[in-house]
Amino acid sequence: PTILYIVGIPIPNQVQGRSLLPIFRGETGLKFNRAFAEIRPDIIWKDKNSRYGDGIQSAIDKEWKYIRYNYGKEELYNLDADPHEENNLVLTESVKANEMRKLLMTWSKAVKTQIDDKEERIDRRRLEQLRTLGYLD
């Protein structure tokens, strides 16, 4: 939506999301109701970041942010009260943590189904090209 808006093309109804242009303009008060993110552990990173190298998933639902690391650690933050994510509430807000955990699991299953449906195998020639370019060890 952001790029379509910038180039003056009407945003079709079936396109998900909204323009991020107000954020770039510095307009405040913008909130997203829900967002998901994932760093997959099966992607070969040239230089793994120790925090994310084992895989991580997160979900934001209004003012709440939930993070799950593949090794089991969980974090929960109230972004309105704690925008710098300094006070992990996963133990004290167990009902909300469970709700966010379920939300993330639902999203994760939906994404995995899409990935499995579209999975492609990389042939040896392509792997060698990636290795030559420095993307693989």
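Here is a quick tour of the fold, the core, the surface and the salt bridges of this chain. Keep in mind that you're looking at a predicted model. The chain has four helices and four strands, and buried residues make up 23% of its 137 residues.

**Overall layout and confidence**

- Walk along the sequence and you'll meet the pattern α-α-β-β-β-β-α-α.
- Of the contacts in the chain with a separation of 6 or more, 31% are between residues 24 or more positions apart.
- The mean pLDDT of the chain is 80, and 78% of its residues reach 70 or more.
- Confidence varies among the elements: strand E4 (residues 74-78) has the highest mean pLDDT, at 96, while helix H2 (residues 21-24) has the lowest, at 78.

**The nonpolar core**

- Look inside and you'll find that the largest nonpolar core is built from 10 residues: Ala59, Trp64, Tyr66, Leu76, Leu89, Val90, Ala97, Met100, Leu103 and Leu104.
- Two elements, strand E3 (64-69) and helix H3 (94-118), each give two or more residues to this core, and H3 gives the most, with four.
- Nonpolar side chains tend to be buried together in soluble globular proteins.
- Zoom in on tryptophan 64: leaving aside residues up to four places away in sequence, Trp64 touches Ala59, Leu76, Tyr77, Asn78, Leu89, Glu93, Lys96 and Met100.

**Out on the surface**

- The chain exposes about 10,600 Å², and carbon and sulfur atoms supply 53% of that area.
- There's a nonpolar patch on the surface too, formed by Ile3, Tyr5, Ile6, Val7, Ile9, Ile11 and Val15, which together have about 660 Å² of accessible area.
- Isoleucine 3, one of the patch residues, sits in helix H1 (residues 2-7).
- Isoleucine 3 counts as exposed because its relative accessibility is 65%, and the cut-off for exposed is over 50%.

**The loop after strand E1**

- Arginine 40 is found in the loop that runs between strand E1 (34-39) and strand E2 (56-61).
- With 26% relative accessibility, arginine 40 counts as partly exposed.
- Although arginine 40 and glycine 55 are 15 residues apart along the chain, their C-alpha atoms are separated by 4.9 Å.

**Salt bridges**

- The chain's salt bridges come to six; three of them are described here.
- Arginine 34 pairs with aspartate 61, and their closest N and O atoms are 3.3 Å apart. This pair links distant parts of the chain, since arginine 34 is in strand E1 and aspartate 61 is in strand E2, 27 residues apart.
- Are the two partners buried or exposed? Arginine 34 is partly exposed at 48% relative accessibility, whereas aspartate 61 is buried at 10%.
- Glutamate 74 and arginine 101 make another salt bridge, with 2.6 Å between the closest N and O atoms. Glutamate 74 belongs to strand E4 and arginine 101 to helix H3, so this pair ties together parts 27 residues apart in sequence.
- Both of these partners are partly exposed: glutamate 74 has 22% relative accessibility and arginine 101 has 23%.
- Lysine 96 meets glutamate 99 in a salt bridge of 2.8 Å, N to O. The two are three residues apart in helix H3, so about one helical turn separates them.
- Lysine 96 is buried, with a relative accessible area of 17%, because the cut-off for buried is under 20%. Its partner glutamate 99 counts as partly exposed, at 40%.
- Lysine 96 also turns up among the residues touched by tryptophan 64.

Note on methods: Residues are numbered from 1 along each chain as its sequence is written. Side-chain values use heavy atoms; hydrogens and water are left out. A nonpolar core is a set of buried Ala, Val, Leu, Ile, Met, Phe, Trp, Tyr and Cys residues joined through side-chain atoms within 4.5 Å. Buried means under 20% relative accessible area, exposed over 50%, partly exposed in between (1.4 Å probe, protein chains only). Contact means heavy atoms within 4.5 Å. Patches are made of residues with over 30% relative accessible area and no salt bridge: like charges are joined within 9 Å, nonpolar side chains (Val, Leu, Ile, Met, Phe, Trp, Tyr) within 5 Å. Accessible areas come from the Shrake-Rupley method with a 1.4 Å probe; for residues, only the protein chains shown count as cover. A salt bridge is a side-chain nitrogen of Lys or Arg within 4 Å of a carboxyl oxygen of Asp or Glu. pLDDT is the predictor's confidence in each residue, from 0 to 100.
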